Amino acid sequence: MRLFAIAILSFLISSCSLYKPLEFKGVEDYSFSEQDGCNPICVELSFFNPNPYNIVLKSANVKGLLGKEDIGVLEITDSYVLKKSGISKINLSFSTEIKSFIPVVSGFFSYITGNEVILLINGTLKVKALGVSKKIKINESLSVKY
């Protein structure tokens, strides 16, 4: 029994050191298209997975701002697999509540009239591999213009 406990403990310690951190590469693209299911905006995020195994994106706690206006939270409807030893791009949508719709419209108005607006994404993503969960911090700003 003692040998079994030592084996489990050594596996857990070694798995923590084998898990290289996932790198957030940035926002690749954005869309305001309702046809693509964007409510009100979709973003394409890019990640680099340096590990020799796939990593699964499980959940998000990420808020978005368009200019100074809150556009909602990042919504993950499915688990996404980030491919081993490579760059993966995933499309995610922000979900806006009705009560915050009016301020969002003012941010879109600035965007539609051709003014430069800053899209800010801030929060954490939860990923899992080899039974170990980790959080990735995201704090990215992107200049969007119509």
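Okay, let's start with one pair of residues: Glu28 and Lys89 form a salt bridge, and their closest N and O atoms are 3.8 Å apart. I like this pair because it ties together distant parts of the chain: Glu28 sits in strand E1, Lys89 sits in strand E6, and 61 residues separate them. Before I go on, please keep in mind that this is a predicted model.

So, buried or exposed, what about these two? Glu28 is partly exposed, with a relative accessible area of 40%. Lys89 counts as exposed, at 51% relative accessibility. In general, side chains of opposite charge can pair when their charged atoms come close.

How many salt bridges are there by this rule? The count comes to three. Another one brings together the side chains of Glu23 and Lys25, at 3.3 Å from N to O. Glu23 is partly exposed, at 36% relative accessible area, and Lys25 is partly exposed too, at 45%. Then there's Lys63 with Asp70, whose side chains meet at 3.5 Å, N to O. Here Lys63 has 46% relative accessibility, which counts as partly exposed, and Asp70 is partly exposed with 30%.

Let me step back to the whole chain. The protein has two helices and eight strands. If you walk along from the N terminus, the elements go α-β-β-β-β-β-β-α-β-β. Of the 146 residues, 34% are buried. The accessible surface comes to about 9000 Å², and carbon and sulfur atoms hold 56% of that. And here's a number about how the chain folds back on itself: take the contacts with a separation of 6 or more, and 65% of them are between residues 24 or more positions apart.

Now the strands. E3 is a good one to follow on the screen. Which way do E3 and E7 run, and how many bridges join them? They run antiparallel, with ten bridges between them. As a landmark, look for Asn61, whose bridge partner in E7 is Thr124.

E3 also pairs with E4, again in the antiparallel sense, over four bridges. There, Leu66 has Glu69 in E4 as its bridge partner. E3 and E4 make a hairpin with two residues between the strands, and in that hairpin Gly67 takes a positive phi near 70°.

And E3 has a pairing with E5 as well, antiparallel, over three bridges. You can find that one by Ile55, which stands opposite Leu82 in E5.

While we're around E5, have a look at Ser85. This residue is in the loop between strand E5, residues 80–82, and strand E6, residues 86–95. Its phi is near 50°, which is a positive value in a residue other than glycine.

Okay, on to the inside. The largest nonpolar core has 28 residues. Which of them have the most contacts inside the core? Those are Val43, Leu45, Phe47, Leu74, Leu119 and Ile121. The elements giving two or more residues to this core are strands E1 (23–31), E2 (42–49), E3 (55–66), E4 (69–75), E6, E7 (117–129) and E8 (132–144). E7 gives the most, with six residues.

Let me zoom in on Leu119 for a second. If you leave out residues up to four places away in sequence, Leu119 touches Ile41, Val43, Leu65, Leu66, Ile71, Glu140, Ser141, Leu142 and Val144. You've met Leu66 already, as the bridge partner of Glu69. Val43 is another of the residues with the most contacts inside the core.

Last bit: how far should we trust each part? The mean pLDDT of the protein is 78, and 77% of the residues reach 70 or more. Which elements sit at the two ends of the scale? Helix H2, residues 101–112, has the lowest mean pLDDT among the elements, at 50, and E5 has the highest, at 91. Over residues 98–106 the pLDDT is below 50, and that stretch has nine contacts in the model beyond near neighbours in sequence.

To wrap up, if you open the model yourself, begin with Glu28 and Lys89, the salt bridge between E1 and E6. After that, follow E3 to its antiparallel partner E7, and finish at Leu119 in the core. That's me done.

Key:
Residues numbered from 1 in each chain as written. Predicted model: local features only at pLDDT ≥ 70, side-chain atom pairs only at ≥ 80, totals over all residues. Heavy atoms only, no water. Core = buried A, V, L, I, M, F, W, Y, C linked by side-chain atoms within 4.5 Å. Buried < 20%, exposed > 50% of the residue type's maximum accessible area, 1.4 Å probe, protein only. Contact = heavy atoms within 4.5 Å. Areas by Shrake-Rupley, 256 points an atom, 1.4 Å probe, with all protein chains shown as cover. Salt bridge = Lys/Arg side-chain N within 4 Å of Asp/Glu carboxyl O. Pairing = 2+ DSSP bridges. pLDDT = per-residue confidence, 0-100.
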